[in-house]
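Okay, can everyone see the screen? I'll put the structure up and talk you through the parts I looked at.

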Amino acid sequence: MQEAKWQSRGAFVLASIGSAIGLGNVWRFPYIAYKYGGGAFLVAYVIVLFLIGIPMLLLEFSIGYKLKGSAPFSLSKIRVESEILEGSNPVNKKALNFEWLGWFAVLVGFGIVTYYSVIMGWSFDYLVYSFKAAWGENTREFFFQKVLGLTDNVFNLGKISWPVVIGLLVSWVWIVLSIWKGARTVGKVVYVTVTMPWLLLLIFVIRGLTLPGAIKGIEYYLTPNWHQLLNPQLWHAAISQVFFSLTVGFGVMIAYASFLPENQDIVNNAFLIALADASTAYVAGFAVFSTLGYYAYIQGVSVAEVMKSGPELAFVTYPTIINHLPFAPLFGILFFLMLLTLAIDSAFSLLEAVVASFIDKFGTRREITNITSAIIAFLIGILYTTGAGLYWLDIVDHFMNNFGLFTVAFLESLLIGWIYGAENMRNFANSISERTIGKWWNFSVKYIVPVSSLVIFVTALYERFKSSYGGYPRLAEFLGGWMVLVIFATLAFALSRTKGVKE
């Protein structure tokens with residue numbers, strides 16, 4: 001259990017918001033909204049947020065705050081808590097040690113941060129390039145060939161991009177320094193890294209809305225296609241976005257809640273953090289689509305023709321748009337600074353979940369654990385700096401989010417809903433909170449979350465049996481997806497069976 005505590009409620013809220021708000025708010029949410037019915041998707045997103053996202057966030061806050069430890073430590077104590085309460089739920093008599101689930105959650109998060117930090121490395125490089133708009137007119141060739149050195153297939157690794165390696169190294173130094181003393185350091189860092197991207201985002205919203213053609217872009221973003229609400233893929237996309245964006249299922253929010261001092265209102269905090277994350281994604285859509293409307297205007301094409309998602313939006317489309325803006329270097333610097341400040345909080349929260357787990361289990365020194373974890377992640381990240389790195393990043397990202405994340409969500413909800421008892425946890429959350437939650441939370445945790453998680457998992461599994469992801473060779477899918485998950489699961493069980501200092 002960690003000794004460090006948040007210095008204030010504000011530090012905890014900002015850290016949690018920072019973990020939730022990330023690159024996905026800027027380049028994934030607006031694209032999915034456009035792809036699945038614009039305003040219709042926004043309606044679905046809000047429904048999923050309240051029925052699934054907030055219940056899961058509150059579930060993890062409750063676990064961490066009540067049991068006072070990292071995900072593995074807290075989930076290992078569920079067995080003891082269940083035995084105490086066994087009279088209220090006969091299933092409790094069969095309670096098992098779920099420490100392995102906590103380890104699996106933080107390892108999935110660790111797998112994500114190994115490539116998330118590489119994207120930060122790209123952003124650091126582009127921050128430097130922005131001073132002279134070094135990407136030139138052919139931004140696509142610059143990113144894919146000069147920066148990434150992209151090869152023709154996933155097994156042709158090509159060369160390591162040393163500028164990206166340097167950016168990756170700088171990213172890890174920043175990440176480690178941000179969690180150097182745990183909650184004490186994070187609580188200070190987030191006052192800058194959470195407020196700054198919001199200010200920068202507002203600058204881009206205001207600038208975007210004043211550009212010619214901006215309204216066309218906003219129309220593409222918000223115009224509802226209500227028929228899409230009947231599309232199961234829309235709901236799949238909404239659930240995936242909510243889970244990933246709120247950083248539930250990675251052990252982060254359990255660890256963060258464990259650092260809270262006594263007498264904290266976790267229900268209000270859960271609602272506040274979830275709504276702040278959703279609001280950021282919604283506002284980011286105005287920044288993205290107003291600018292894309294301008295780009296479509298100067299190109300003389302429709303917004304649909306310039307709409308991109310992910311890295312191509314940030315590192316190809318946006319630099320092209322920046323080329324056409326007055327004071328282009330300034331907007332380039334501000335844009336990539338915004339990406340970095342959006343990414344850093346999510347990155348160090350994923351690492352903090354891992355570090356807190358090892359300290360809880362083995363009593364290791366924080367500084368040594370910080371550095372060791374970062375070195376391992378940095379070395380793994382070298383793969384993503386090669387010419388085939390983008391392919392491997394895409395594969396690993398797909399499997400971490402569609403299989404790793406939803407496995408954790410499914411099992412966590414079953415653990416609390418059926419073994420510990422949803423009513424028991426709801427009573428605890430209500431007992432320490434000014435705002436109380438009703439029995440709808442029990443229903444969500446016991447039925448809605450596990451069923452939706454299982455459906456998404458099975459659907460993704462069925463699709464992978466039909467065809468390999470993204471048309472990649474089956475061997476690449478196996479090495480970058482299934483094998484990584486098996487390794488994480490094996491490590492999780494091994495770590496849970498290892499005797500720690502608190503046992």
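Start with lysine 181, which is partly exposed because its relative accessible area is 36%. Keep in mind that this is a predicted model. What does lysine 181 pair with? Its side chain meets that of glutamate 367 in a salt bridge, 2.8 Å from N to O. The two sit in distant parts of the chain, 186 residues apart: glutamate 367 belongs to helix 18, while lysine 181 is in the loop between helix 8 and helix 9. Glutamate 367 has a relative accessible area of 16%, so we call it buried. And the pair isn't on its own, since Lys181, Arg365 and Glu367 are linked in a network of salt bridges.

Right beside that in sequence there's arginine 366, which forms a salt bridge with glutamate 352, with the closest N and O atoms 2.9 Å apart. That pair links helix 17, where glutamate 352 sits, to helix 18, which holds arginine 366, and the separation is 14 residues. Buried or exposed, for glutamate 352 and arginine 366? Both are buried.

How many salt bridges does a search of the whole structure find? It finds 10. One more of them worth showing is glutamate 262 with lysine 68, at 3.6 Å, N to O. Glutamate 262 is in the loop between helix 13 and helix 14, and lysine 68 is in the loop between helix 4 and helix 5, so this pair ties together parts that are 194 residues apart in sequence. Glutamate 262 counts as exposed because its relative accessible area is 56%, whereas lysine 68, at 12%, counts as buried.

Back to helix 9, residues 183–193. Its buried residues are Ala183, Thr185, Val186, Gly187, Val189, Val190 and Thr193. What do they pack against? Helix 1, helix 8, helix 10, helix 13 and helix 17.

Now the nonpolar core. The largest one has 192 residues, and Trp6, Phe41, Trp122, Phe243, Phe315 and Ile416 have the most contacts inside it. If you pick isoleucine 416 and skip residues up to four places away in sequence, the residues it touches include Leu59, Ile63, Ile78, Met425 and Trp441.

On to the pockets, which I guess is what you're waiting for. The largest pocket holds about 1600 Å³ of space. It is lined by 43 residues, and the closest to its centre are Arg28, Asp394, Asp397, His398 and Tyr469. Among the elements that give two or more residues to that lining are helix 6, helix 12, helix 19 and helix 20. By class, the lining splits into 24 nonpolar, 11 polar and 8 charged residues.

The second largest pocket comes in at about 560 Å³. Of its 25 lining residues, Phe110, Ile376, Ile380, Phe488 and Leu491 are the closest to the centre. Which helix supplies the largest share of that lining? Helix 21 does, with 8 residues. There are no charged residues in this lining; the classes are 18 nonpolar and 7 polar.

Last stop, alanine 133, in the loop between helix 6 and helix 7. Its relative accessibility is 21%, so alanine 133 counts as partly exposed. The C-alpha atoms of alanine 133 and leucine 330 are separated by 9.6 Å, with their positions 197 residues apart along the chain. Okay, over to you.

Conventions:
Residues are numbered from 1 along each chain as its sequence is written. This is a predicted model: local features need pLDDT of at least 70, side-chain atom pairs count only at pLDDT 80 or more; totals for chains, interfaces and linings use all residues. Side-chain values use heavy atoms; hydrogens and water are left out. Buried means under 20% relative accessible area, exposed over 50%, partly exposed in between (1.4 Å probe, protein chains only). Helices (H or I, at least four residues) and strands (E, at least two) are DSSP runs, numbered from the N terminus. Contact means heavy atoms within 4.5 Å. On a 1 Å grid over the protein atoms alone, a cavity is a set of points where a 1.4 Å probe fits but cannot get out, and a pocket is an open set with protein on both sides within 12 Å along at least five of seven lines; lining residues have an atom within 4 Å of a point. Grid points are joined across faces, edges and corners, and a volume is the space filled by probe spheres set on the points. Ala, Val, Leu, Ile, Met, Phe, Trp, Tyr, Cys and Pro count as nonpolar, Asp, Glu, Lys and Arg as charged, and the others, Gly among them, as polar. A nonpolar core is a set of buried Ala, Val, Leu, Ile, Met, Phe, Trp, Tyr and Cys residues joined through side-chain atoms within 4.5 Å. A salt bridge is a side-chain nitrogen of Lys or Arg within 4 Å of a carboxyl oxygen of Asp or Glu.
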